[in-house]
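Visitor: I'm new to reading protein models, so please take me through this one piece by piece.

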Amino acid sequence: MIVWTVANQKGGVGKTTTTVALAGLLAEQGKRVLCIDTDPHASLTYYFGIDSESLESGSFDVFCAGKAVTADLMRRSILPTQFKHLSVMPATMALATLDRKLGTQDGMGLVLKRGLAMVADDFDYVLIDVPPVLGVLMVNALACCQRVLIPVQTEFLALKGLERMMRTLTLIHKSRGENYSYTIIPTLYDKRTNASLQTYKKLIARYGRSVWNGMIPIDTKFRDASNEQLTPSAYAPKSRGVLAYQSLLTNLKQLEER
């Protein structure tokens, strides 16, 4: 089971779109895919047409179980979607209270890692959508992944969010001794603007080979797909945005095979 965490400490950079787009493409390839929503805003949950406030269980219940998490609870917290091979563990607003209620409890940073180990035979890929805040949710998502995918909008302010994210990876590496593989993904690229091009050049100059050598363009098909609650590849398989994500997925698979 391969786990990718989609994270950045800035909102609006394409985390949920990246999660759904990659998950949809993997599911179409016959891979058993689980998307986990750990963001209290529950954008990923609503994307799949799930009412987050009417759930019997979800990611919040998994975190609340702490060290007592079980395979049964994990499976009860996972829902099918309308797409073959694609499941989701939904989120609720209650996740926003986790740090205050449970953040200091021993072992809270490894709950998701324990839970996923119990259902490892059920899925080929897991993609985790993470809120843009350093806390118990992000720590959990980082602790259980093989690679961190960092979408970065190609505009100046997004570089600041990336700097915070890189400091977070360094901080957790120092405290836990875990070294993270990561791929920086330029998103919302607008070839008509000089700002996008200059930001892309700065990404390459600062982070070199850690930056994927393509970019995800601005594509209105992404918004249209979310309105229809369809994965981008199901809604517009030949759109430029989907073709870009197909190229990204090929690159990520190659990295995992090394």
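Visitor: Where does Ala42 lie?

Guide: Here helices (H or I, at least four residues) and strands (E, at least two) are DSSP runs, numbered from the N terminus. Going by those runs, Ala42 belongs to neither kind and sits in the loop between strand E2 (33–37) and H2.

Visitor: Is Ala42 buried or exposed?

Guide: Keep in mind that this is a predicted model, in which local features need pLDDT of at least 70, side-chain atom pairs count only at pLDDT 80 or more, and totals for chains, interfaces and linings use all residues. Residues are numbered from 1 along each chain as its sequence is written, and side-chain values use heavy atoms, with hydrogens and water left out. Relative accessible area (1.4 Å probe, protein chains only) decides the label: under 20% is buried, over 50% is exposed, and in between is partly exposed. Ala42 comes in at 1%, so its label is buried.

Visitor: What value does phi of Ala42 lie near?

Guide: Most residues other than glycine have a negative phi. Ala42 isn't a glycine, but its phi is positive, near 60°.

Visitor: And Gln229, what is its phi near?

Guide: Gln229 is in the loop between H10 and helix H11 (232–235). At 33% relative accessibility, Gln229 counts as partly exposed. Its phi is positive too, even though Gln229 is a residue other than glycine, and lies near 55°.

Visitor: Which residue has its backbone oxygen 2.7 Å from a polar atom of the side chain of Asn8?

Guide: Asn8 is found in the loop between strand E1 (2–6) and H1. With 0% relative accessibility, Asn8 counts as buried. At 2.7 Å from a polar atom of the Asn8 side chain we find the backbone oxygen of Pro151.

Visitor: How much space lies in the largest pocket?

Guide: On a 1 Å grid over the protein atoms alone, a pocket is an open set of points where a 1.4 Å probe fits, with protein on both sides within 12 Å along at least five of seven lines, and lining residues have an atom within 4 Å of a point. Points are joined across faces, edges and corners, and the volume is the space filled by probe spheres set on them. For the largest pocket that gives about 360 Å³.

Visitor: Which helix gives the most to the lining of the largest pocket?

Guide: The lining has 17 residues, with Gly14, Thr17, Leu188, Phe222 and Arg223 nearest the pocket's centre. Sorted by type (Ala, Val, Leu, Ile, Met, Phe, Trp, Tyr, Cys and Pro nonpolar; Asp, Glu, Lys and Arg charged; the others, Gly among them, polar), they split into eight nonpolar, seven polar and two charged. Helix H1 (15–28) and helix H10 (220–227) each supply at least two of them. The top giver, with four residues, is H10.

Visitor: Why is the pair of Phe48 and Phe83 given its label?

Guide: Rings of Phe, Tyr and Trp (its six-membered ring) pair if their centres lie within 6.5 Å; planes under 30 degrees apart count as stacked, over 60 as edge-to-face and the rest as tilted. The structure holds five aromatic pairs. In this one the ring centres of Phe48 and Phe83 are 6.4 Å apart and the planes are at 70°, so the label is edge-to-face.

Visitor: Which residue is linked with Phe48 and Phe83 in a cluster?

Guide: Phe48 is buried at 12%, and Phe83 is buried at 15%. Ring pairs join these two into a cluster with Tyr47.

Visitor: How many residues apart in sequence are Arg75 and Asp122?

Guide: Their side chains meet in a salt bridge (a side-chain nitrogen of Lys or Arg within 4 Å of a carboxyl oxygen of Asp or Glu), at 2.8 Å from N to O. Arg75 is in helix H4 (residues 71–76) and Asp122 in the loop between helix H6 (111–118) and strand E5 (125–129), so the bridge ties together parts whose separation in residues is 47.

Visitor: Which residue forms a salt bridge with Glu256?

Guide: Glu256 is partly exposed, at 24%. Its partner is buried, at 10%. The closest N and O atoms are 3.4 Å apart, and the partner is Arg147.

Visitor: How many salt bridges are there by this rule?

Guide: Another one joins Asp190 and Arg192 at 2.9 Å. Lys160, Glu163 and Arg206 are linked in a network. The count comes to seven.

Conventions. Polar contact = N/O pair within 3.5 Å; in protein donor to acceptor, adjacent residues only side chain to side chain.
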